[in-house]
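This report walks through selected local features of one protein model. Keep the sequence and the 3D view open while reading.

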Amino acid sequence: MSGGLLKGARERWVRTGGVELCVAELGDSERPTVFLVHGYPDSKEVWSEVAVRLAEHFHVVLYDVRGHGRSTAPTPLRGGFTLEKLTDDFLAVADAVSPDGPVHLVGHDWGSVQAWEFTTVERTRGRIASFTSISGPSLDHFGHWIKKRMTRPTPRKVGQLLGQGAKSWYVYMLHTPVLPELAWRGPLGKQWPRLLARVEKVPAGGYPTPSLPSDAAHGAWLYRDNVRARLSRPRADAHAHAPVQLITPTGDMFLSPKLYDDLEQWVPSVTRRTVAAKHWVPRTRPDQLAAWIGQFVRSVETPADKALAVPAKRGKRADAYAQRFAGQLVLVTGAASGIGRATAFAFAEAGARVVAVDRDGEGASRTAELAALIGAPEAWGEQVDVSDEAAMEKLAEKVAAEYGIVDVLVNNAGIGLSGSFFATTSEDWKKVLDVNLWGVIHGCRIFGAQMAERGQGGHIVNTASAAAYQPSKALPAYSTSKAAVLMLSECLRAELAGQGIGVSAICPGFVNTNITATARFAGVDAEEEKRRQKRTSRLYGLRNYPPEKVADAILGAVLTNRAVVPVTPEARGAHLLSRFTPKALRAIARLEPPV
């Protein structure tokens with residue numbers, strides 16, 4: 001049995017090429033096999049959090065690369081870490097654990113560099129069902145990428161070369177003799193866990209393992225045996241013979257996303273994902289990786305599920321949504337109808353995992369059911385009143401325990417109230433502020449704190465309104481609540497910027513939703529209120545600006561990290577007036593509303 005971070009794993013040893021490889025297995029061996037290959041300076045335990053999640057559905061295999069963890073090192077070290085020998089190791093392990101079927105390969109860092117070799121050489125054809133690459137390019141593709149930019153150089157090409165050259169500073173250091181070994185076996189090896197925690201926000205928990213100094217010292221030969229040779233003489237036939245999923249952390253300090261600009265010429269079938277995280281995503285975002293890997297494996301194993309893993313492309317913007325949001329956990333309040341439901345559907349189309357929240361439990365469940373059909377098979381609904389702080393805290397605990405930390409929070413729940421200031425009672429004010437303001441405060445405080453503690457960024461979207469900056473004598477309570485949401489968003493954006501958490505305020509104008517049918521009118525009897533609700537709904541229906549456009553604006557705001565997003569022409573116009581000619585808006589505010 002394997003110990004440490006892989007408790008309960010079945011252990012075996014595979015002998016190949018003069019070394020013995022320590023192999024761990026989890027899950028049912030009758031299910032599809034997922035191979036997890038670690039990078040530098042790691043051991044297989046870097047995958048422990050991802051492995052236990054995947055083991056619920058797959059046969060998961062991890063092994064210590066030669067010279068790492070509990071696997072033995074080649075003798076001599078020089079020449080013992082070539083990609084050809086690493087490929088021999090992979091085939092030996094694959095033959096031992098899955099002799100009768102191909103495996104689904106996943107690699108991170110140098111594990112991905114190796115796996116590109118496995119996926120593009122002829123002798124492994126038929127042994128690999130799919131490949132998920134994370135933070136590690138093919139050295140052959142990289143070599144061609146460099147040559148292409150050195151041929152007829154332009155300022156843009158030179159900038160890309162210099163940018164990646166700066167990110168690759170550690171590669172040059174690892175080519176120096178003796179010094180890397182001395183550093184890793186000395187001060188660097190001792191300080192490495194603290195550096196990962198401080199710079200990468202890697203949580204504590206037994207990782208890295210005690211073998212780190214020797215793993216890093218041996219692993220320096222991965223670079224020395226392969227990098228210069230392959231970059232100077234890249235293979236011309238490095239075409240993948242299996243579908244590839246590329247996961248690119250947007251905050252990776254070692255690799256530029258531009259490295260993958262030409263990937264399609266090498267890979268006939270590629271699915272691209274981006275995650276707002278740094279380099280060590282197997283430790284910092286295991287829930288996200290497990291979701292993406294699981295989706296991709298199922299799409300290959302069951303072609304009918306392919307749409308769930310690779311949303312249909314509907315243009316560059318929709319494709320950007322799929323790359324960014326697929327597999328991310330998104331929670332939307334006020335999701336039973338209107339903007340909230342449209343937003344849940346939009347994230348579902350992009351492949352996100354969706355939590356639909358509303359005090360209307362049946363409506364939230366219906367939204368989740370429809371979102372599952374659109375592209376979020378794990379969507380579910382929750383009945384929660386956002387103004388109830390204790391209920392929101394219980395929801396956050398449940399979501400974190402069962403599904404992970406929310407990546408995108410959309411505080412959309414809101415109610416409408418119209419009426420003059422003196423017709424609006426204290427009870428009216430309390431109801432509006434409880435939902436429109438305190439509901440947003442609870443969401444930001446509770447879920448935002450979880451994002452901040454995780455340390456890997458995220459995004460909060462607060463639905464304000466054009467009424468936040470456009471005064472009206474008919475909407476004192478509603479406008480005040482939305483103005484407060486707008487300012488809260490601006491303040492929170494400043495506070496969370498240093499933690500990689502974006503905050504956006506969405507300010508719609510007249511949108512055709514059922515908030516008009518449920519809005520209250522202060523100072524009138526029930527019959528008159530009902531008449532005004534019908535008239536307002538009819539006017540908004542004639543305006544007919546659909547909530548789907550607001551949903552698209554919300555996804556766009558998260559994608560580009562916009563601070564304030566007016567939606568609808570009148571909202572954009574009022575926003576401009578509020579900045580340049582506020583007197584005009586004050587004059588409009590004095591007009592009598594239609595009744």
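## Loops with unusual backbone

Pro76 sits in the loop between strand 4 (59-63) and helix 2. This is a predicted model. The bond joining Thr75 to Pro76 is a cis peptide bond, with omega at about -5°. A second cis bond runs from Tyr40 to Pro41, with omega near 0°. Pro41 belongs to the loop between strand 3 (33-37) and helix 1 (48-54).

Such bonds stand out, because most peptide bonds are trans and most residues other than glycine have a negative phi. Two residues other than glycine have a positive phi here: Ser135, at about 55°, and Arg152, near 50°. Ser135 lies in the loop between strand 6 (128-134) and helix 4 (139-150). Arg152 lies in the loop between helix 4 and helix 5 (155-167). Are these two residues buried or exposed? Ser135 counts as buried, at 4% relative accessibility. Arg152 is exposed, with a relative accessible area of 74%.

The table gathers the backbone angles.

| Site | Angle | Value |
|---|---|---|
| Tyr40 to Pro41 | omega | near 0° |
| Thr75 to Pro76 | omega | about -5° |
| Ser135 | phi | about 55° |
| Arg152 | phi | near 50° |
| Gly404 | phi | about 110° |

## Helix 16

Gly404, in the last row, comes just after helix 16. This helix covers residues 389-402, 14 residues in all. From its first C-alpha to its last it reaches 20 Å, close to the 20 Å expected at 1.5 Å a residue.

Which residues of helix 16 are buried? They are Met392, Leu395, Ala396 and Val399. These residues fall on the same side of helix 16, because they cover an arc of only 100° around the axis. The spacing fits a general rule: an α-helix has 3.6 residues a turn, so residues three or four places apart point the same way. Lys394, Glu397 and Ala401 are exposed on the other side of helix 16.

What covers the buried residues? The cover includes strand 9 (329-333), strand 10 (353-358), strand 11 (380-383) and helix 17 (426-454). At the start of helix 16, Asp388 makes a polar contact: one of its side-chain oxygens comes to within 3.2 Å of the backbone nitrogen of Ala390.

## A buried asparagine

Asn412 lies in the loop between strand 12 (408-411) and strand 13 (417-418). Its relative accessible area is 11%, so Asn412 is buried, the cut-off being under 20%. The Asn412 side chain reaches the backbone oxygen of Gly334 at 3.3 Å. Beyond its neighbours within four places in sequence, Asn412 is in contact with Thr333, Gly334, Ile339, Gly340 and Thr463.

## Nonpolar cores

In soluble globular proteins, nonpolar side chains tend to be buried together. The largest nonpolar core in this model has 87 residues. Which of them touch the most other members? They are Phe35, Tyr63 and Phe90. Helix 2 (residues 83-97) gives the most to this core, with 8 residues.

Tyr63 has contacts beyond its neighbours within four places in sequence, including Leu21, Val23, Phe35, Leu36, Val37, Phe90, Val93 and Phe118. The list also holds His38, Lys44 and Gln114. Apart from the largest core lies another core, of 43 residues. Among its members are Val355, Val386, Ile446 and Cys507.

How values were computed:
Residues numbered from 1 in each chain as written. Predicted model: local features only at pLDDT ≥ 70, side-chain atom pairs only at ≥ 80, totals over all residues. Heavy atoms only, no water. Helix = DSSP H or I, 4+ residues; strand = E, 2+ residues; numbered from the N terminus. Expected span 1.5 Å × (residues − 1). Buried < 20%, exposed > 50% of the residue type's maximum accessible area, 1.4 Å probe, protein only. Arc of directions from axis to C-beta. Contact = heavy atoms within 4.5 Å. Polar contact = N/O pair within 3.5 Å; in protein donor to acceptor, adjacent residues only side chain to side chain. Core = buried A, V, L, I, M, F, W, Y, C linked by side-chain atoms within 4.5 Å.
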